[in-house]
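User: I am new to this structure and would like to know what its terms rest on. Please take me through them.

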Protein chains: 2
Amino acid sequence: MKALAVDIGGTHANCGLVENDRILTHESVDLTGTMNIRAVLSRVGDVLRQLVHQHSQSLTDFQGIAVGFAGLVDSRIGRVVSTNKKYDDAPEVDFCAWARDAFGLPLRIENDARLALLGESYAGAARGFGDVVMMTLGTGIGGVAMIEGKLLRGKHAQAGCLGGHIPVLFNGRACTCGGIGCAEAEASGWALPGVVRSVPGFPESSLSSIANIGFKHLFEEAERGDRVAQIVRDRCLNIWAVDAVALIHAYDPEVIVIGGGVMERADIISPYIEAYVQKYAWTPWGKVQIRRAELANNAALVGAVPLISERIS
Amino acid sequence: MKALAVDIGGTHANCGLVENDRILTHESVDLTGTMNIRAVLSRVGDVLRQLVHQHSQSLTDFQGIAVGFAGLVDSRIGRVVSTNKKYDDAPEVDFCAWARDAFGLPLRIENDARLALLGESYAGAARGFGDVVMMTLGTGIGGVAMIEGKLLRGKHAQAGCLGGHIPVLFNGRACTCGGIGCAEAEASGWALPGVVRSVPGFPESSLSSIANIGFKHLFEEAERGDRVAQIVRDRCLNIWAVDAVALIHAYDPEVIVIGGGVMERADIISPYIEAYVQKYAWTPWGKVQIRRAELANNAALVGAVPLISERIS
């Protein structure tokens with residue numbers, strides 16, 4: 001089966017043509033400054049048509065189009081349910097109508113993290129597993145669940161996709177979701193500068209001279225011996241691992257796949273989470289595997305064919 | 001449909017005869033000192049036979065027997081998967097063989113909290129809802145989930161039933177489950193004495209003269225103005241509410257049903273959790289209802305017929 005695939009993120013859209021588990025071609029579209037989802041779709045449509053043409057394909061070769069979107073999505077009705085400060089017009093847009101008009105193709109839209117999990121389960125780190133949690137450590141924290149071979153969606157399509165918004169500190173920081181002490185509010189890319197600045201001794205830390213403190217700096221300065229960086233690094237590792245335990249207790253997976261930009265330091269993160277989970281998660285049946293995501297930024301594109309093929313009730 | 005029903009708890013077994021959503025008769029059996037599940041089953045068997053006889057029924061009137069057990073249970077294979085310091089021989093027992101030999105009836109066994117949720121959903125506070133989380137606040141904290149009309153079970157039967165073991169304080173207290181900072185480790189009946197004693201000023205508190213501090217004392221002394229009691233009461237309320245938000249984010253319910261002995265103070269607990277959830281949970285579709293459990297200690301018995309009738313794949 002061939003599909004058009006789009007992964008719409010905060011700053012880029014990844015557009016591609018896929019055949020089963022193979023990406024035939026793909027192109028990243030810069031969305032900086034585009035706050036309107038209709039404008040995004042117009043640009044994405046142009047790029048997809050171009051890719052089809054360049055690859056000597058015809059639109060009739062494709063069975064459908066899959067869209068990943070960074071927000072709450074109900075794939076059963078093909079709508080975005082809620083956004084989080086980006087593309088706030090998306091809930092009003094009829095994506096299926098757009099696909100019909102622009103390509104004459106059926107469309108499935110899904111939360112981007114769920115689509116990435118479908119990809120990793122179809123042809124990546126979770127191949128062969130039906131019970132999977134995927135965590136994404138980056139600007140935000142993602143946490144999505146597949147149970148017995150099916151994405152968990154629930155009544156209003158928001159079950160099994162808010163794993164970064166499980167509170168890990170009941171009296172912690174305010175989160176962009178409106179909650180308090182979410183894993184994302186305590187240990188994500190956007191939260192990091194605030195967390196670092198709150199540590200006593202910050203003015204003397206080597207981090208205090210960095211304009212936009214990211215995890216790359218944090219790990220580097222910690223390794224150079226900066227005390228504040230070490231404290232925050234260890235706290236983040238602890239919170240990611242505790243979030244993993246929460247998701248194991250909630251969803252009973254065989255494997256946790258971890259992706260996202262922060263996993264450039266998988267050398268430190270994976271063994272830490274593995275050891276923590278082994279020690280503190282209650283899994284009398286055996287050991288949850290911890291695996292690094294394999295498909296990086298293309299996981300959602302690889303999820304296109306399973307999403308389109310899925311029987312949704 | 002008529003069924004035999006047993007709810008095996010830590011100190012008592014509640015044995016009953018049920019017809020659909022009606023309890024025909026029931027009797028509580030004291031299990032103090034009984035640490036062996038085979039001894040429990042022998043006593044439970046006698047009591048059930050007695051009840052059948054006293055109620056002028058015949059065993060052939062009954063379609064099956066439902067058992068609730070306080071531990072991890074895989075109802076698909078009819079086995080206890082893991083216990084938590086009570087009836088540790090239960091994983092070796094073939095409950096179905098026992099029911100066949102003792103009554104000539106088919107048996108279904110399920111985690112007691114899941115069975116109580118089935119009861120509340122069949123004929124209690126969650127009647128008419130397919131998407132339900134039930135929290136139990138007592139000696140431990142229970143949290144079980146039903147999604148789209150089905151109990152969530154997962155690969156190893158431990159999805160959707162460990163809601164008290166979601167960490168709410170990433171660097172908190174050790175839990176009996178082996179985890180750290182679980183809601184149960186921070187705000188359950190067994191954790192309460194330790195939490196109270198750790199508050200500065202405890203030696204001057206009116207609680208310091210009480211031998212086994214329970215939630216009844218906590219609420220009473222807080223209302224009498226004891227500062228330590230007020231601090232711990234407010235912390236517990238906060239943690240229960242945060243656990244509710246975690247379970248909403250994990251399972252997407254329409255309603256949260258709250259039961260357990262601590263809900264004798266539902267006058268304080270329900271409005272607190274309702275207000276917190278409304279303010280801090282991310283539910284763009286609307287408002288999660290907070291309801292007090294209606295069936296008290298008989299919820300699991302009322303769950304017998306739905307459990308026996310359920311098609312388990």
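Analyst: The model shown is predicted, and the answers below deal with the contact between the chains and then with one helix.

User: How many residues does the contact take from each chain?

Analyst: Chain A gives 38 residues and chain B gives 38 residues. Two residues count as in contact if their C-beta atoms, placed from the backbone, lie within 7 Å.

User: Which element gives the most to the side of chain A that touches chain B?

Analyst: H7(A) does, with eight residues. By class, that side of chain A has 23 nonpolar, ten polar and five charged residues.

User: What makes the relation between chain A and chain B that of a two-fold axis?

Analyst: A turn of 180° and a shift of 0.0 Å along the axis lay chain A on chain B with an RMSD of 0.0 Å. That is therefore the relation of a two-fold axis.

User: How do you know that the copies meet through the same surface?

Analyst: Of the interface residues of chain A, 100% are also interface residues in chain B, so the copies meet through the same surface.

User: Which residues of helix H6 of chain B are called buried, and why do they line one face of the helix?

Analyst: They are Phe215(B), Leu218(B), Glu221(B) and Ala222(B). A residue is called buried if 20 or more other C-beta atoms lie within 10 Å of its own. Seen down the axis of H6(B), the buried residues fall within an arc of 135°, so they line one face of the helix.

User: What covers the buried residues of H6(B)?

Analyst: The cover includes helix H5 (192-197) and helix H7 (227-251) of chain B.

Terms used:
Residues numbered from 1 in each chain as written. Chains lettered and ligands numbered in written order. Predicted model: local features only at pLDDT ≥ 70, side-chain atom pairs only at ≥ 80, totals over all residues. Helix = DSSP H or I, 4+ residues; strand = E, 2+ residues; numbered from the N terminus. Nonpolar A, V, L, I, M, F, W, Y, C, P; charged D, E, K, R; others polar. Least-squares fit on C-alpha atoms with pLDDT ≥ 70 in both. Buried ≥ 20, exposed ≤ 12 C-beta atoms within 10 Å, placed from the backbone. Arc of directions from axis to C-beta.
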